[in-house]
Amino acid sequence: MEKDPRDTYPINVINLRDKPLLEALFEVEKRPWLWLQNHDLPCLMSFVNGWVVGRNDAKDDKLLTAFDLFVAKELHEGSSTVGWCNMILKHFGEQDAMAAFFRLLRQFQSAPLTQESS
């Protein structure tokens, strides 16, 4: 059997399936055009919601709940009932929301409580 000529050109495939949610989000940050139809926070929220529903992993739900609470605390919101996306949009506006999200996500990742909930 002949070798397929396409095999000689390795393709750099980014597989998010086996990554935890935080790692997947940081991959999205590097190349948002691969994963998001629009480079905006509501589209990223849709990606995250699809991730959570598709994986059906309680760890992801717990992580997002903790992130909601973290964002509410960092942005001095009374509660997190509106969710991280709406809180970030309210405080930073559409233009700066994505950068603010990833900045908050890095702060959240390095917070001591995040390590315990992972």
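In the predicted model, the side chains of Lys90 and Glu77 meet in a salt bridge, with a distance of 3.0 Å from N to O. This pair links distant parts of the chain, for Lys90 belongs to helix α5 whereas Glu77 is placed in the loop between α4 and α5, 13 residues apart. Lys90 is exposed, its relative accessible area being 60%.

The Lys90–Glu77 pair is accompanied by other such contacts, as the structure holds five salt bridges. In general, side chains of opposite charge can pair when their charged atoms come close. A further pair is formed by Glu29 and Arg106, whose closest N and O atoms are 2.6 Å apart. Because Glu29 lies in helix α1 (residues 21–30) and Arg106 in helix α5, this contact ties together parts that are 77 residues apart in sequence. Glu29 is partly exposed, with a relative accessible area of 28%, and Arg106 is likewise partly exposed, at 40%. Helix α5, spanning residues 83–110, thus contributes Arg106 to the contact with α1 and Lys90 to the contact with the α4–α5 loop.

A salt bridge also joins the side chains of Glu27 and Arg31, at 3.5 Å from N to O. Glu27 has a relative accessibility of 14% and therefore counts as buried, the cut-off for this class being under 20%. Arg31, at 28% relative accessibility, counts as partly exposed. Glu27 and Arg31 do not stand alone: together with Lys30 they are linked in a network of salt bridges.

Attention is turned next to the backbone. Most residues other than glycine have a negative phi. Asn56 has a positive value, with phi near 50°, and is a residue other than glycine. Asn56 is located in the loop between α3 (41–55) and α4 (58–74). With a relative accessibility of 68%, Asn56 counts as exposed, since this class requires a value over 50%.

A positive phi is also found at His76, which is not a glycine and for which the angle is about 55°. His76 occupies the loop between α4 and α5, and the loop between these two helices also holds Glu77, the partner of Lys90. The relative accessibility of His76 is 73%, so that His76 counts as exposed. Both residues with positive phi described here are therefore exposed and placed in loops: Asn56 at 68% between α3 and α4, and His76 at 73% between α4 and α5.

Notes. Residues are numbered from 1 along each chain as its sequence is written. This is a predicted model: local features need pLDDT of at least 70, side-chain atom pairs count only at pLDDT 80 or more; totals for chains, interfaces and linings use all residues. Side-chain values use heavy atoms; hydrogens and water are left out. Helices (H or I, at least four residues) and strands (E, at least two) are DSSP runs, numbered from the N terminus. Buried means under 20% relative accessible area, exposed over 50%, partly exposed in between (1.4 Å probe, protein chains only). A salt bridge is a side-chain nitrogen of Lys or Arg within 4 Å of a carboxyl oxygen of Asp or Glu.
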